[in-house]
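Me: Please give me a close look at a single part of this structure. I'm in my first year, so go slowly and explain the terms as they come up.

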Amino acid sequence: MIKKIDHIAIVVENIDEEIKKYQEILGLSFSGTEVVADQKVKTALFDIGDLHIELLEPLGDDSPVSNFLTKRGGGIHHIAYEVDDIHEQLKILRADQVSILSEKPTRGRNDSLVVFLHPKAFSNVLIELVEKLK
Ligand code: ZN
């Protein structure tokens, strides 16, 4: 079951500059950075209400977000929904023929399991499912 929106992710070219802007201009509460090795990105997280804004900077040309940055110069990349059981959710999606970008969930930020759904399934919106493990 989908519980809520966990975060909206934005791809940026220079995460340190953007962190400053989000803090100093928008006044959002910064909760730290984390490198997610599985996704080859550096992330920065801001809390707003009970959801987050996640900034993503690609780490190298083979990062999954590197193409997005090159082609579009950054911008809104995906919406992440928190689910209570990612494996159960995948079963439902597969039964509905939704194409999933990876065979199995991978490790996400802050001890979570994540999986991405093919953007074609939802009007070109990339959707991430997140299950928090703690
Ligand atoms: Zn995300």
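**Helix H3 and its surroundings**

Reply: Let's start with what H3 leans on: its buried residues pack against E1, E5, strand E7 (112-117) and strand E8 (127-132). Here H marks a helix (H or I, at least four residues) and E a strand (at least two), both taken as DSSP runs and numbered from the N terminus. Before going on, note that this is a predicted model, where local features need pLDDT of at least 70 and side-chain atom pairs count only at pLDDT 80 or more, while totals for chains, interfaces and linings use all residues. Residues are numbered from 1 along each chain as its sequence is written, and side-chain values use heavy atoms, with hydrogens and water left out.

So which residues of H3 are buried? In this helix (residues 86-95), they are Ile 86, Gln 89, Leu 90 and Leu 93. "Buried" means under 20% relative accessible area, "exposed" means over 50%, and anything in between is partly exposed (1.4 Å probe, protein chains only). These four sit on the same side of H3 because they cover an arc of only 100° around the axis; that arc is taken from the directions from the helix axis to the C-beta atoms. Turn to the face pointing away from the buried side and you'll find the exposed residues Lys 91 and Ala 95.

Now check the ends. Asp 85 caps the N-terminal end of H3, with a side-chain oxygen 3.1 Å from the backbone nitrogen of His 87. Just after H3, Gln 97 takes a positive phi of about 65°.

Back to the buried side. Ile 86, Leu 90 and Leu 93 belong to the largest nonpolar core, which has 11 residues, including Val 83, Val 115 and Leu 129 as well. A nonpolar core is a set of buried Ala, Val, Leu, Ile, Met, Phe, Trp, Tyr and Cys residues joined through side-chain atoms within 4.5 Å. H3, E7 and E8 each supply at least two residues of this core. Apart from it lies another core, of 10 residues, among them Ile 10, Tyr 22, Ile 53 and Leu 55.

Val 83 is worth a stop: leaving out residues up to four places away in sequence, it touches Gln 89 in addition to Met 1, Ile 2, Lys 3, Leu 129, Val 130 and Glu 131. Touching, or contact, means heavy atoms within 4.5 Å. Glu 82 lies in strand E5 (residues 75-83), and it counts as buried because its relative accessible area is 8%. Its contacts beyond four places in sequence include Lys 3, Lys 4 and Lys 132.

Notes: Polar contact = N/O pair within 3.5 Å; in protein donor to acceptor, adjacent residues only side chain to side chain.
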